[in-house]
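Here is a walk through one protein model, from the overall picture down to single side chains. Have the structure open as you read.

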Amino acid sequence: RPMVEARPAAEPGPVFDAAIRADLARAVRLIEGDVPRLIGGETGSGKELFARAAHAASSRARRPFVAVNCAALPEGLIEAELFGYEEGAFTGARRSGSKGLLREADGGVLLLDEIGDMPLALQARLLRVVQERAVTPLGGGKPHPVDLRLLCATHRDLRAMTESGGFRADLYYRVAQYAVALPPLRAAADRRAAVLAFWATLKVEGRTLAPATLERMTAYDWPGNRRELVGAMKALIALSEPGDALGPELLPAPLRGPA
């Protein structure tokens with residue numbers, strides 16, 4: 001299923017400054033207190049990594065972490081994927097039905113990534129689950145109780161969307177009881193230190209960043225944030241040999257031009 005996962009992160013571990021670590025500690029306490037948390041931030045700023053780190057530090061660390069990208073699932077499938085379905089609920093349904101991702105997260109943590117892209121009709125169903133803590137699959141059947149902690153993430157302004165009618169206000173006030181906005185990489189107080197901290201999370205096998213390379217990477221604004229930075233670093237490693245000093249000629253084109 002696209003963009004649906006319950007596996008360890010494939011990227012390097014999260015690199016958070018002191019302020020974000022304090023927010024992370026609060027997120028863990030909110031998970032324990034069953035208070036939904038909304039994680040905002042630009043694309044690539046590490047919202048899912050923040051959610052994974054909160055789950056890993058909570059008492060539910062050994063229980064499922066289920067991440068669902070609401071923007072990646074086709075509108076016609078997202079309801080069945082989230083809520084599950086009974087046998088024969090629709091054409092093409094599995095004979096045994098499906099329990100759905102909400103029930104797969106039972107006992108653990110559910111991350112609804114890009115919740116701002118969830119269709120309005122499904123927002124109403126999700127609200128009922130949040131309120132009643134029970135999931136009713138498509139095609140009928142009895143409601144199934146679920147014990148999960150909810151984290152939501154988005155790069156959109158959900159408050160503005162509620163004012164324009166693009167997002168349900170009642171759901172917004174349920175999932176955004178406590179919000180955090182992850183800062184973009186360009187806002188780092190010490191961007192050079194941030195670049196070196198990400199580099200330290202990778203298996204570099206003795207490779208080093210030449211001074212000119214580090215200068216270019218420090219001066220660049222990183223519009224793709226963490227995702228773009230890690231991608232550039234992986235490209236540097238792939239284009240070099242262990243022990244090399246990596247010059248700026250190996251950088252992606254946007255970083256080789258004027259800062």
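The report below covers the overall make-up, the strands around β4 and β7, helix α5, the aromatic rings and a few backbone angles.

## Ground rules

This is a predicted model, so to speak of local features a pLDDT of at least 70 is needed, side-chain atom pairs count only at pLDDT 80 or more, and totals for chains, interfaces and linings use all residues. Residues are numbered from 1 along each chain as its sequence is written, and side-chain values use heavy atoms, with hydrogens and water left out.

## The overall picture

The protein has eleven helices and ten strands. Both kinds of element are DSSP runs numbered from the N terminus: helices are H or I with at least four residues, strands are E with at least two. Of the 259 residues, 48% are buried. Here buried means under 20% relative accessible area, exposed means over 50%, and partly exposed is in between, with a 1.4 Å probe and protein chains only.

The accessible surface comes to about 12700 Å², and carbon and sulfur atoms own 52% of that. These areas come from the Shrake-Rupley method with a 1.4 Å probe; for residues, only the protein chains shown count as cover. As for contacts (heavy atoms within 4.5 Å), take those between residues at least 6 apart in sequence: 75% of them join residues at least 24 apart.

## Strands β4 and β7

Start with β4, residues 109-113, where five of five residues are buried. Val109, Leu111 and Asp113 point one way, Leu110 and Leu112 the other. Two strands pair if DSSP finds at least two bridges between them. By that rule β4 pairs with β3 (residues 65-69) in the parallel sense over five bridges, with Ala67 as the bridge partner of Leu111. β4 also pairs with β7 (residues 149-154), again parallel and over five bridges. Across that pairing, Leu111 is the bridge partner of Leu151, and Leu112 that of Cys152.

Strand β7 gets similar treatment: six of its six residues are buried. Arg149, Leu151 and Ala153 sit on one side, with Leu150, Cys152 and Thr154 on the other. β7 also runs parallel to β2 (residues 37-40), joined by four bridges, and there Arg37 stands opposite Leu151.

## Helix α5

Does the length of α5 add up, or what should its span be? The expected span of a helix is 1.5 Å times one less than its number of residues. For the 13 residues of α5 (residues 120-132) that gives 18 Å, and the end C-alpha atoms are 19 Å apart, which agrees.

The buried residues of α5 are Leu122, Gln123, Ala124, Arg125, Leu126, Leu127, Val129 and Val130. They pack against a mix of elements: the helices α3 (75-83), α4 (101-104) and α7 (169-175), plus the strands β4, β5 (134-135) and β7.

## Rings and a charge

A pair of aromatic rings is described by the distance of the centres and the angle of the planes. Rings of Phe, Tyr and Trp (its six-membered ring) pair if their centres lie within 6.5 Å; planes under 30 degrees apart count as stacked, over 60 as edge-to-face and the rest as tilted. That rule gives three aromatic pairs. One of them joins Phe16 and Phe50 edge-to-face, at 6.0 Å centre to centre and 65° between the planes. Phe16 lies in the loop between β1 (4-5) and α1 (18-32) and Phe50 in α2 (residues 47-56), so the pair ties together parts that are 34 residues apart in sequence. Phe16 is buried at 16% relative accessibility, and Phe50 is buried at 1%.

Tyr172 and Tyr173 also form an edge-to-face pair, 5.0 Å centre to centre with 75° between the planes. Tyr172 is buried, at a relative accessible area of 9%.

There's a charge to look at too: the charged end of Arg125 sits over the ring of Phe83, 4.0 Å from its centre. For that label, NZ of Lys or CZ of Arg must be within 6 Å of the ring centre and within 35 degrees of the ring normal.

## Positive phi angles

Asp34 isn't a glycine, yet has a positive phi of about 60°. Asp34 is found in the loop between α1 and β2 and counts as partly exposed, at 29% relative accessibility.

Glu114, in the loop between β4 and α5, has a positive phi near 55°. At 10% relative accessibility, Glu114 is buried. Just after α5, Arg133 takes a positive phi of about 55°.
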